[in-house]
Structures are given as structure tokens and as C-alpha cells.
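Please set out the backbone, the strands and the pocket of this protein in a short report. Keep the definitions with the terms.

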Amino acid sequence: MIVTHSTVSRFRSCVTSASIVRSSSSHVKVAPKRPSIAPKFSLNIKHIRENPDLYTQTCVDRNYLAQKDNPHRIIQLFSAWKQSQLDTRDVRRQSNNIHLQLGRLQRKEADDPRGSIFDEQDELLLQAQALEPTLTKVSEAEADINEEIQSLAAELPNLTSQETPLGKEARVIGYINEQPAELNTQFNHVDIGKHLDLLDFAAASTTSGWGWYFLKNEGALLEQALIQYALGVAIRHGFAVVSPPSMVYAHIASACGFQPRDQGGEQQSYTIAQNENKGDVKTGHEGKPEMTLAGTAEIPFAGMKANTRFEGGELPLHVVGASRCYRAEAGARGTDTKGLYRVHEFTKVEMFSWTIKGKEVDAFESMLAVQKEILGDLGLHCRIQEMPSSDLGASASRKIDIEAFFPSRRDTFGTVPCRQLKNDGYGEVTSASICTDYQTRRLNTRLSQRKSDFPYTVNGTALAVPRVLAALLENGWSKKYKSVKIPEVLHKWMHGTTTIEKKPKR
């Protein structure tokens, strides 16, 4: 076999064309290179190529406009990869044949050491060496194309459930408890908390800035009571308790659908600076992977099973845990975000489940049952909403929010009766989401039966302390007695306190 000059020239032209394909994609924003320890993605690229319009429309429906061209770009890159494979087929075949002949010569030499094969070996080695540089370049170009395809696919949000309303309007699907007959629209939870010496935002602004707070006295006890109560309800529903870490690798958060910045460019998470986090190109040392403070225990829970396989009979697996959560985007100041409603750090009890495809709704409804029981027994009036496509995060296929009634969030038209209002007064306190295999494909969490099978994940808030505490203060406030009644289900953790009253001055 002879490798001609024209063959090598043709092969080099393939390298050039592959490089052009790579450079033409420079306008696409590609995620930073993931560290070697990051779980390997197993995205369904074939499904994206076969249904580009579906994924593009999903991006439009969910306001992922920067990613709407990704599906068709993936098709272009895949076509370029196929063309490169076709153009270099003959040369690859020649390279394979050379190595096969070298193998046969080595076996022949072992059988007949006296045979003269060195000249033939030298000729084959020269031919292999002539192909190696250009073959390497094409392989690198194709690897870069595949890496960009993976990156573009990873940026796409999950497909939307048929249960999810398209657009921006949520669909009300139920209520919990009756709306209070007498509404306290005069005092919000900040006023009540200050009056009863439960909250201190001024001191927190000195230590940490706006968006942080101190819980004091019965306010601090209420936090612990709410945690214990929520954990107890979840345990009764079959959830196992796990205490997760609050710091996670940034690539784990990203795999769960949480990016450092949202679609509008607003910072969402806090990044933790590490010493030696910069790699060394000369030595090949990557440095320490970037860390982030988790915005929800959903992230460490999902990452807990990264790079693992579930054996038959292990699923469904339901866990619940309390953790501190950190959100950089506490929002602009205003009545809707005042006080405890939107803060940078808070305690939340989170539920998380792994289940098999087809059983995700069962896990979803189990979480909703926990949420309804908790909020119902706390005496809060709430509405339940099927959230629209524009409100879904990257990982969610379907999401249901439960919103508690906050009397102070309702604004009247002066003398108009209280029930005819321009703001209905509800604010989100829990959510539950079905994420299908979005997270498990990005975290390499598999089922043992088949390599191509991935479990589905479901997550939900059991209780977010600040918002529920705020709702309890507003709805439990007695205008007559200037006190707050504590729900009976929390009494066992309140050390004998059933009503919070103003403390006498010392």
C-alpha cells in the first residue's frame, strides 16, 4: 500500500474545511470548559436533530431566546462532522490497514524470528508517519465539533409538559383553607416583627447588607419549629432525612439547570473564590474547580447520585432535608419584596425524588400532598397554580406553585370594599417540579437495567421559612390585642409559648 502525495493533500484539505466549520461558530456563546472530574453528559442529541423546531419553540415559549437557534446550529455542525467523516474515509481506511499489516508482521516475526521483515515494516511505518499529523488534526477538529454540539445541547431547556399552560398566565387549580373574613391590611410582617421584637433588618444591614436579617426571640424559635414540623410531615409521607452541604461545585449546579446568571444577565448565585483555582497549562494541572453556594438543596441532592447506577428495586427514592440557601438575586426594593419575602440567605426544607419514567407524577403528587398538609395545618389560606411555560426554569418540565395569602400585599381603591382589590395578595411559598431526565443525563445518574435508561427527578419545597413565617405573622396578627397567635401544630417546639406578645421594656 502506497500513500500518495495527492492523498495527503486531499486529507489536509479536509482538515482546513473542518477548521472553517469550527471558526464559523464563534458567535455562539459556549459554556466554559468543564473540569475533568465533572460527570459526563449523556444528552439525547439525536432527538434534538430529529425535532429542531420543537426545541426552538420550547426556547421561545420559555423565554430562552438566546438559545432558540441552537437546535439548527447543532444540525449544521453534525452535517459538517458527517462530511468530514466521509471526506476522510479512504485515508482512515488506509491508516487502519497499515496498522493491521504491522500487527500481522509482528505475529509473523514471533513465529519465524529468522524471517526478514524489517524492510516491509519500515515502509509501513513511514506510511503511518506520513498520515499521523493530518489524521491527528482532523480528529481534533471533529472532537471540537462534538464538544460544541454537546455545549449547545446542554444550554437548551427541558421540553415542556402538556400539562403546562403556554404563555405567561398561570392556571388556578385549587385552594387551601378559606380566606380570612377579617383582613389585616394595615400592618405587614416587617411592622409586626419590629413591634414584637422578632426581626432586625437594621443590624443585618450593618453586618451583611440589604437582603439579610436577624430572627430574634420567638422569631428564631419559630424558624426551628417550622423546620421540625415540616420534616415530621415529610417523614410520615415516606421521605428519608438527609442533611446536604450548602457549597457545591459550579459544574454540579450547572448540570441541575442553575446558571450563575439568568436569561436577563442578572447574577443568581454566589461564587466562592478558592486558592490555586487557576490551572497550569505547562503542567496540565487543572486547579481547583469553582465552587458556588447552593440556592436550594435540590442541587446537592441531585448531585448526591452523580456517576452512580440505581439497582432494581431501589426506586423510587425520596429524601428530605433542611439547609441554608443562598440567592444573589434578592430583587429590587419594593412592597412585593419587602422584608422576609425576598432575601439572600434563608432556611428551606426541600424534598427530592428519583423515580422511573412513568412514575414521576406519583412522586410529584406525593410532594404536593406534603405541601398541602403543612400549609393547611398552619392555617394559611393558599391558592394552587399550574405554572405557565414562561415561569419554568431550565430543568423543569412541569411546575406547580402554592401561593399563601398575605393581607398586606392587597391594595385597596380607597373606599372600595376590601374584597375588590387591584392586588390579590398572594405570594409564592412552595413549588414542585418534574424535571424528567434533564438532570440525570447531565449528572450521569443511570439505571442498572440498561445503559441508555435514566431515572426521572422530581423536587419540591416542603417549607421555605422566611415566607411562611411572614405569612404566619400577618395572618395571625390580632389588631385588638397587638399579638400573634402561633398555630397549634408548632406549640410543641415553642417552649410553652402559644401567643407572641410585645415584651415589656427593661
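Is Asn-177 buried or partly exposed? Asn-177 is partly exposed, at a relative accessible area of 34%. Here buried means under 20% relative accessible area, exposed means over 50%, and partly exposed is in between, with a 1.4 Å probe and protein chains only.

This is a predicted model, so local features need pLDDT of at least 70 and side-chain atom pairs count only at pLDDT 80 or more, while totals for chains, interfaces and linings use all residues. Residues are numbered from 1 along each chain as its sequence is written, and side-chain values use heavy atoms, with hydrogens and water left out.

**Overall**

The protein has 506 residues, and 48% of them are buried. Its secondary structure comes to 14 helices and 18 strands. These are DSSP runs, numbered from the N terminus: helices are H or I with at least four residues, strands are E with at least two. The accessible surface is about 25,900 Å². Carbon and sulfur atoms hold 50% of that surface. Such areas come from the Shrake-Rupley method with a 1.4 Å probe; for residues, only the protein chains shown count as cover. Among contacts with a separation of 6 or more, 75% link residues 24 or more positions apart. A contact means heavy atoms within 4.5 Å.

**Backbone exceptions**

Most residues other than glycine have a negative phi, and most peptide bonds are trans. Two asparagines and one proline bond are listed here.

| Site | Backbone value | Place |
|---|---|---|
| Asn-63 | phi near 65 degrees | loop between α3 (52-61) and α4 (70-87) |
| Asn-177 | phi about 60 degrees | loop between β1 (171-176) and α7 (189-195) |
| Leu-315 to Pro-316 | omega about 5 degrees | Pro-316 in the loop between β8 (309-310) and β9 |

The bond from Leu-315 to Pro-316 is cis. Asn-63 is partly exposed, with 46% relative accessibility.

**Strand β10 and its partners**

Strand β10 covers residues 345-355. All 11 of its 11 residues are buried, so the strand is largely enclosed by the rest of the structure. Glu-345, Thr-347, Val-349, Met-351, Ser-353 and Thr-355 point one way. Phe-346, Lys-348, Glu-350, Phe-352 and Trp-354 point the other way.

β10 pairs with β9 (residues 317-326) in the antiparallel sense, over 10 bridges. Strands pair if DSSP finds at least two bridges between them. Val-320 has Met-351 of β10 as its bridge partner. β10 also runs antiparallel to β15 (residues 456-464), joined by eight bridges. There Phe-352 stands opposite Asn-459.

Thr-461 is in β15. Thr-461 is buried, at 7% relative accessibility. Leaving aside neighbours within four places in sequence, Thr-461 touches eight residues by the contact criterion: Lys-348, Val-349, Glu-350, Met-351, Gln-371, Val-429, Thr-430 and Ser-431.

**Ala-302 in helix α11**

Which residues does Ala-302 contact, leaving aside its neighbours within four places in sequence? They are Cys-256, Phe-352, Trp-354, Gln-439 and Leu-443. Ala-302 sits in helix α11 (residues 298-303). Its relative accessibility is 2%, so Ala-302 counts as buried. Cys-256 is 46 residues away along the chain, yet the two C-alpha atoms are 7.2 Å apart.

**A three-stranded sheet**

β16, β17 and β18 form an open sheet in the order β16-β17-β18, with antiparallel pairing. β16 (477-478) and β18 (499-500) are at the edges with a single partner strand each, so one side of each has no neighbour in the sheet. Two bridges join β16 to β17 (residues 483-485). Ser-478 stands opposite Ser-483.

**The second largest pocket**

This pocket holds about 600 Å³ of space. A pocket is an open set of points on a 1 Å grid over the protein atoms alone, where a 1.4 Å probe fits, with protein on both sides within 12 Å along at least five of seven lines. Grid points are joined across faces, edges and corners, and the volume is the space filled by probe spheres set on the points.

The lining has 24 residues. Lining residues have an atom within 4 Å of a point. Asn-44, Tyr-55, Thr-436, Asp-437 and Arg-441 lie nearest the centre. α2 (45-50) and α13 (438-443) are the elements that give two or more residues. α13 gives the most, with three. By class, 11 lining residues are nonpolar, eight polar and five charged. Ala, Val, Leu, Ile, Met, Phe, Trp, Tyr, Cys and Pro count as nonpolar; Asp, Glu, Lys and Arg count as charged; the others, Gly among them, are polar.
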